[in-house]
Amino acid sequence: MMTTGGQIIDGKAHAATLRAGIAQQVIARMAAGARAPALAVVLVGDDPASQVYVRNKIGACEQAGITSIEHRHDTSLSQADLLALVARLNADPAVDGILVQLPLPAHIDTACVIAAIHPDKDVDGFHPVNAGRLATGLDGFVPCTPLGCLRLLESTLGDITGAEALVIGRSNIVGRPLASLLISASATVTVAHSRSRDLPDLTRRADIVIAAVGRAEMVRGHWLKPGATVIDVGINRVPRDSGVGTKLVGDVAFDEAAQVAAHITPVPGGVGPMTIACLLENTLKAASLAAAQDHSPQRPFPR
Ligand code: NDP
């Protein structure tokens, strides 16, 4: 990596601070007599990247004092059996949050499984009820990666009211929920995608650029407005320059962009660690929600 003009946003350090705060809150809850928050993690199949993600999420839970309950199944698991498992976890009062690791095998309808998770245990924030809550400005579960991006922006820039923000990518997991979060934070938001015209021109206007595309180093340094803040969500595996082995790069050409941007996240070590920290935050929120429901007939989230 070259030396940079801009300041690197250290996602690992921000995530460590967030995780330490969550661990403290878990200790305080338990000192007050509550059980540890509990996350059920469901993994179907043997996708290598998913195995790594699940291992990292379970390790992070352990460090924060959150109980994780792992459910691993062969690729052959039927959709009916997966839906039955989700129904059991929904009904289990010892489970606060449910995470079904994506992607699911091709014979399973992902949207149907997501819709089967109880919205108040949906710590990934992918359920249509939570997507609707976010889109309409109500409290609910926010997907972890966009939430991590917002946390990084707020801790780097403070108030982003009125800032011109460009989100590149419109997926349900990153781009769309991020656009909703930025609108709620009073930024002026543009969402670009594969059909957008003149992406370099859109990028040049933006104070904040968030790339969530999945194309290695697509956003170039000369596209950026000098002094912009760049959040790179992309994770792309490419051959090393030496030709031996592979490395991870983002959707932004880091070395070029860092010469122009005021602040920029690296890949790895930027958004990735924040995604896991925000999963812990959502699990703690789910546990608090369950405890509040135990004590009140009112649902804490508005319907
Ligand atoms: P998707 O493939 O679901 O979405 C990609 C988006 O990029 C689509 O909206 C697509 O447009 C748009 N796009 C594709 N090509 C172009 C182009 N040439 N110009 C402009 N827009 C384009 O990906 P995800 O949102 O799931 O993930 C995006 C990236 O973020 C991936 O690299 C993924 O690995 C990474 N990621 C990282 C996470 C982390 O924790 N750091 C978590 C989640 C994802 P269209 O809709 O028109 O097809």
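So, H193 first: one of its backbone N or O atoms sits 3.5 Å from a nitrogen atom of the ligand. That just makes it as a polar contact, which here is a pair of N or O atoms within 3.5 Å; within protein, one must be able to donate a hydrogen and the other to accept it, and residues adjacent in sequence count only if both atoms are side-chain atoms. Next door in the numbering, S194 puts a polar side-chain atom 2.5 Å from an oxygen atom of the ligand. And R215 has a side-chain N or O atom 3.1 Å from a ligand nitrogen. How much of the ligand does the protein bury? Taken alone, the ligand exposes 920 Å², and 70% of that is buried by the protein. Those areas are Shrake-Rupley with a 1.4 Å probe, and for residues only the protein chains shown count as cover.

Quick caveat before I go on: this is a predicted model, where local features need pLDDT of at least 70 and side-chain atom pairs count only at pLDDT 80 or more, while totals for chains, interfaces and linings use all residues. Numbering runs from 1 along each chain as its sequence is written, and side-chain values use heavy atoms, with hydrogens and water left out.

Back to the ligand. There are 21 residues around it, the closest being R170, S171, S194, R215 and T275; to be near, a residue needs a heavy atom within 4 Å. By class, that shell is 9 nonpolar, 10 polar and 2 charged. Nonpolar here is Ala, Val, Leu, Ile, Met, Phe, Trp, Tyr, Cys and Pro, charged is Asp, Glu, Lys and Arg, and the others, Gly among them, are polar. α10 gives the most to the shell, with 3 residues. Helices (H or I, at least four residues) and strands (E, at least two) are DSSP runs numbered from the N terminus.

Okay, pockets. The grid is 1 Å, over the protein atoms alone: a pocket is an open set of points with protein on both sides within 12 Å along at least five of seven lines, a cavity is a set where a 1.4 Å probe fits but cannot get out, and lining residues have an atom within 4 Å of a point. Points are joined across faces, edges and corners, and a volume is the space filled by probe spheres set on them.

The largest pocket holds about 1300 Å³. Its lining has 46 residues, and Y53, T145, I235, G272 and T275 lie nearest the centre. The split is 26 nonpolar, 12 polar and 8 charged. Domain 1 (33–120) and domain 2 (143–272) each put at least three residues into that lining; those bounds come from an automatic or database assignment. The C-alpha centres of the two domains are 29 Å apart.

The second largest pocket is about 390 Å³. It has 21 lining residues, with R35, P93, D96, A290 and D294 closest to its centre. Which element gives the most to this lining? α10 again, with 8 residues. The classes come out at 9 nonpolar, 4 polar and 8 charged.

Last bit, cavities. There's 1 cavity of 30 Å³ or more, and the volume of the largest is about 50 Å³. Among the residues lining it are I98, L99, V100, D122 and F126. β4 has the largest share, 3 residues. The lining has 7 nonpolar residues, 2 charged and no polar.
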